[in-house]
Amino acid sequence: SPDPRNLARVRDILVLPEVTLLVDRWNEDWSRLAWLRAYGIGEMLEPQPREVEEHRMVVAELRRRYPQYQEHDLETRPIIRVSIDRVVAWGAVGGDPV
């Protein structure tokens, strides 16, 4: 499989680690619309000696939570870790999930 380090989003993080995660909720009832934007610093968690134990724990958690990852070769691939600094939200963020 292709090296994920060649993906534009990975190369971008290596050059400029400031990242934004955006989650939105759509609803036909516009009073329930919402979004949440998290700002932080992204870094690559590599399966190398300095980070191997943390990488192993993250891979195990991903597989526990998402069974489809059982068949993926995650042990040799980097993982993007985001340390959140600030969160901004708009709309019905505290409402019941749709």
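I began with the term strand, which here means a DSSP run of E of at least two residues, numbered from the N terminus. With that settled, I looked up Thr20 and found this residue in strand β1. I keep in mind that the model is a predicted one.

Next I checked how far Thr20 is covered: its relative accessibility is 44%, and because buried means under 20% and exposed over 50%, I noted Thr20 as partly exposed. Leaving aside residues up to four places away in sequence, I found that Thr20 touches Arg37, Ala38 and Tyr39, and that Tyr39, in β2, is the residue standing opposite Thr20. I also looked at Arg5, which lies 15 residues from Thr20 in sequence and 19 Å away in space, taken C-alpha to C-alpha.

I then followed the sheet, which is open and built of three strands in the order β1-β2-β3 with antiparallel pairing. Its edge strands are β1 and β3, each pairing on one side only, and neighbouring strands are turned by 25° against each other on average, direction ignored. Between β1 and β2 (residues 34–45) I found eight bridges.

Turning to the helices, I saw that α1 (residues 8–15) lies across β1, β2 and β3 and runs at about 75° to β2. Helix α2 (residues 52–65) packs on the sheet as well, where it touches β2 and β3 and makes about 55° with the direction of β3.

Last, I looked at the surface, where Leu21, Val23, Leu36, Ile84, Val87 and Val93 make a nonpolar patch of about 470 Å². Strands β1 (18–25) and β3 (79–91) each supply at least two of the patch residues. I singled out Ile84, which is found in β3 and counts as partly exposed because its relative accessibility is 41%.

Methods. Residues are numbered from 1 along each chain as its sequence is written. This is a predicted model: local features need pLDDT of at least 70, side-chain atom pairs count only at pLDDT 80 or more; totals for chains, interfaces and linings use all residues. Side-chain values use heavy atoms; hydrogens and water are left out. Patches are made of residues with over 30% relative accessible area and no salt bridge: like charges are joined within 9 Å, nonpolar side chains (Val, Leu, Ile, Met, Phe, Trp, Tyr) within 5 Å. Accessible areas come from the Shrake-Rupley method with a 1.4 Å probe; for residues, only the protein chains shown count as cover. A salt bridge is a side-chain nitrogen of Lys or Arg within 4 Å of a carboxyl oxygen of Asp or Glu. Helices (H or I, at least four residues) and strands (E, at least two) are DSSP runs, numbered from the N terminus. Buried means under 20% relative accessible area, exposed over 50%, partly exposed in between (1.4 Å probe, protein chains only). Contact means heavy atoms within 4.5 Å. Two strands pair if DSSP finds at least two bridges between them. Axes are lines fitted to C-alpha atoms, for helices over the stretch in contact, and angles run from 0 to 180 degrees between N-to-C directions.
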